[in-house]
Amino acid sequence: MARCGGRATSRFNEEILTYPRKKVTTSAVWLCFCLLFPSAAEAGLYTASDQIVLLTPENVESVLINSTAAIVVEFYASWCGHCIAFSPFYKSLARDIKEWKPAVDLAAIDCAAEANRKVCTGFSIRGYPTLKFFHAYSEADSTGLAFKGFPRDVRGLRHMIIDKLETHEEPWPPACPPLEPISQAEIDSFFETNNVQHLALIFEDSKSYIGREVTLDLLQFENIAVRRVLSTEEGLVTKLGVTEFPSCYLYYPGGNFTRLKVTIEARTFYSFALQRLPGVVRSGKPPPDTNDSITNSTEEPWRPFNRSRVYMADLESALHYSLRVEVAAQTVFKGEALISLRKYIYVLAKYFPGRPVVMNLLQSVNSWLKNQTGSEVSYEAFKEILDNSAQAPDTALPEGVRWVGCQGSQPHLRRYPCGVWTLFHVLTVQAKNFGVSDSQEVLSAMRSYVHNFFGCRPCAEHFENMAKESLSEVNTLSSAVLWLWSRHNRVNNRLSGDLSEDPSFPKIQWPSPEMCSACHAVKDNGEHRWNHDQVLSFLLSYFSFKNILSDYLEDESQILANQREKHASQQLALEAQKRVERKAREALDSMTLPSPSQPVPEEEEEEEEEDGPQDETVTDEEEEGAEGAAAADEMEGKASESPPWAKSETEVGRGRRQANRKPSIVGMRMRDLQEDIVDLDSFVNQHYKAKALRVAASSRVKHRTLQRKVEQEPGPVFGLGMELDAGLGMVGLQPMEPDFELDEGQQRKRLQKRELAGQYFGEEAESSHRGRWMSVLSIGFSKVDISLCVILYFLSSMCLLAMYLFFKNRLRLRRAKVALP
């Protein structure tokens, strides 16, 4: 069993540490632990966010064997306490030498994972942690060179790697520049063999590593070369007048030179200053465009801005995109997502330093979310509140994005990620100024938002890894501000040189020495360090409400006008959609109504009761059923190839052909349409379908009642003109032809059937002594209709009388006032 803290872990000497033999019971306990908790071993101490190559049996050969770069590998066990304590230094080392990757890279493998044990055994690993150096182009049987007694600090580890590189055997890593000191003769002929714009000479003592470190730091940059000059090179030191070590000079063709101006003579300051020289660009990146009138492919004009200020346009653009685009990816919020949304909106409503209209909107959304007691909320309902569908006054969130400080040289660079970082920096500073008790309130909301809604899932995973690592250590509002700043710098370090980096806005450790020189300092050993007090002061000032500019913002009145216009257009579109849906629903309902050619079941029973085979009787019965169905079909606007009443007459075999004949009620026929009469059937079908459907069900009962009234009253008979508005229940009367007669027996038989139908619907025949004019007036109206009309006329009369008395008294009082002396 491999030992934790064996020979490779001794930091004081190279002796092999011995340990007493463990009892068998102890070994059994460890074995049971590994079997019961395999996930702990598989998880490991490092993730892809740490910029460390994670080795597995599948990739170990491709990474270590025949590689163009030298590889430093840590063999560790995830349960080893020494390995856990060393992991922060190894992560920091990976970030520190990130620019060295073409020449040297870092890797790690968890030997506690059962799948990796064979790999670790093959490399002769017997203790944890073990660091091994693999040369470039290592062969398959190479087991690497072990670091003996390696230190537990980044600086010492960095120096050990440089020592291994300098003693590297051939072949040399192709991407690694020369690390040995340069001579006067080499400098004189340098520009003849190298096509670079700048030659940086770092003068230092023989024991200093600054020159070699800066050389590797500039490894990924073009148009510049860095060389180390020892203080013992007297001719060159005298020629350039060097008096301080270390110091950096820029040497040009023809022997011209100038000293590089930096705040502190240290590695970090040299690297930063050299990377910002004119013409110096990262390999594979286009040179930054310094033109102030940059236009990208979206043809948006470049908006000049002050890099030392924050712009409200960026904050509002980030709000718009997060709430209307990112959050909209989920149609329903429930569980963790709903909690995350509530926390996010609450923090925005509490700390966002926005304009009144935006703050009113955030407060409205926050109140609405608090009142939602259900277990889930739909985005459609959320969006109605977000878009202020209720039209609350002075409440709106501008739509669209208008990037200023976060604009990129290309449409796909910076923008929303920059806006999100800026937004949460502002919120942490606002919380600090408010002096709230919960130091993690903003960071917790940001963490849950990124985890649930941020569209870049690898980015969300990286942020979650950082939060798991150290967010629990935040216990003050100041530490919350600094935690977010340090994690932002860590992300910048990981993404520097990535395809997502904007060449016009390189990802650096921010703030730069140019923005805040007091934020940077060095340790006694020359290592860079951050002055956290000065950094906190800078952050509180930079992200304060007073430092936010309102340039390029859309006017509030225009925002509200646009919102009202959008709301009105949405209402019109909604009404149009409802009309279409209603028509479709009515068309579907019309298909379920009885067919005109089929009599209703009630009339089928009546037909069964008729035993006589007399043609005229059958014809009348079928005609009556067909007329009821045809009237309903006509009112609901359903077009047919041939009139239904024509089909009915054909089936009973009438001798006459009556094309386009209107439906007739028994004893009454329709007069043919004249040319000067408008056919309102099509008008009814198009505009009064809903009314027609309500009338269709009761039309047959009304028609039968009308027939009884007319047949019981002797005298002239009137025909019904169906051209008038069927939705109002009104019909017109036309005199019938005088030769229309019915057999007395047939009339008696039909009268009996109609009385039965009238009893079924709760109606009785009108008494025969009522006059003809009353029958005419009651056509199409029920008793309830007449009662309502009488009540309405009565109320109208009372209102008119009251108005008359009021104005009469008012006029009398006015005349009395005029008459007074």
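**Rings, charges and a greasy patch**

In this predicted model, the charged end of R212 sits over the ring of Y209, at 4.3 Å from the ring's centre. K164 does something along those lines too: its charged end sits over the ring of F147, 5.6 Å from the centre. Rings turn up a lot in what follows, so here's a quick tour, starting with the whole chain.

**The whole chain**
- The protein chain is built with 29 helices and 21 strands.
- It has 821 residues, and 45% of them count as buried.
- Take the contacts between residues at least 6 apart in sequence: 73% of these join residues at least 24 apart.
- The chain's accessible surface adds up to about 44,400 Å², and carbon and sulfur atoms account for 54% of that.

**Aromatic pairs**
- How many aromatic pairs does the structure hold? There are 33 of them.
- One is W79 with Y128: the ring centres are 6.3 Å apart and the planes meet at 90°, so this pair is edge-to-face.
- W79 sits in the loop between β3 (70-76) and α4 (81-96), while Y128 is in strand β5 (residues 127-128), so the pair ties together parts 49 residues apart in sequence.
- Are these two buried or partly exposed? W79 is partly exposed at 25% relative accessibility, whereas Y128 is buried with a relative accessible area of 8%.
- F463 and W483 make another pair, with ring centres 6.1 Å apart and planes at 90°, so they are edge-to-face.
- F463 belongs to helix α18 (residues 457-470) and W483 to helix α19, so this pair links parts that are 20 residues apart in sequence.
- F463 is buried, at 6% relative accessible area, and W483 is buried, with a value of 6%.

**An aromatic cluster**
- Which residues form one aromatic cluster? They are F333, Y344, Y379, F382, F424, Y449 and F453.

**S478 in helix α19**
- Helix α19 covers residues 477-495, and S478 lies in it.
- Why does S478 count as buried? Its relative accessible area is 18%, and buried means under 20%.
- Setting aside neighbours within four places in sequence, S478 is in contact with K432 and L536.

**A nonpolar patch on the surface**
- A nonpolar surface patch of about 990 Å² is made by ten-odd names worth finding in the structure: V784, L788, I791, L792, F794, L795, M798, L801, Y804 and L805.
- One of them, Y804, lies in helix α29, which runs over residues 783-819.

Technical notes
Residues numbered from 1 in each chain as written. Predicted model: local features only at pLDDT ≥ 70, side-chain atom pairs only at ≥ 80, totals over all residues. Heavy atoms only, no water. Helix = DSSP H or I, 4+ residues; strand = E, 2+ residues; numbered from the N terminus. Buried < 20%, exposed > 50% of the residue type's maximum accessible area, 1.4 Å probe, protein only. Contact = heavy atoms within 4.5 Å. Areas by Shrake-Rupley, 256 points an atom, 1.4 Å probe, with all protein chains shown as cover. Patch = residues over 30% accessible without salt bridge, like charges linked within 9 Å, V, L, I, M, F, W, Y side chains within 5 Å. Salt bridge = Lys/Arg side-chain N within 4 Å of Asp/Glu carboxyl O. Phe/Tyr/Trp six-rings, centres within 6.5 Å; stacked < 30°, edge-to-face > 60°. Lys NZ or Arg CZ within 6 Å of the ring centre and 35° of its normal.
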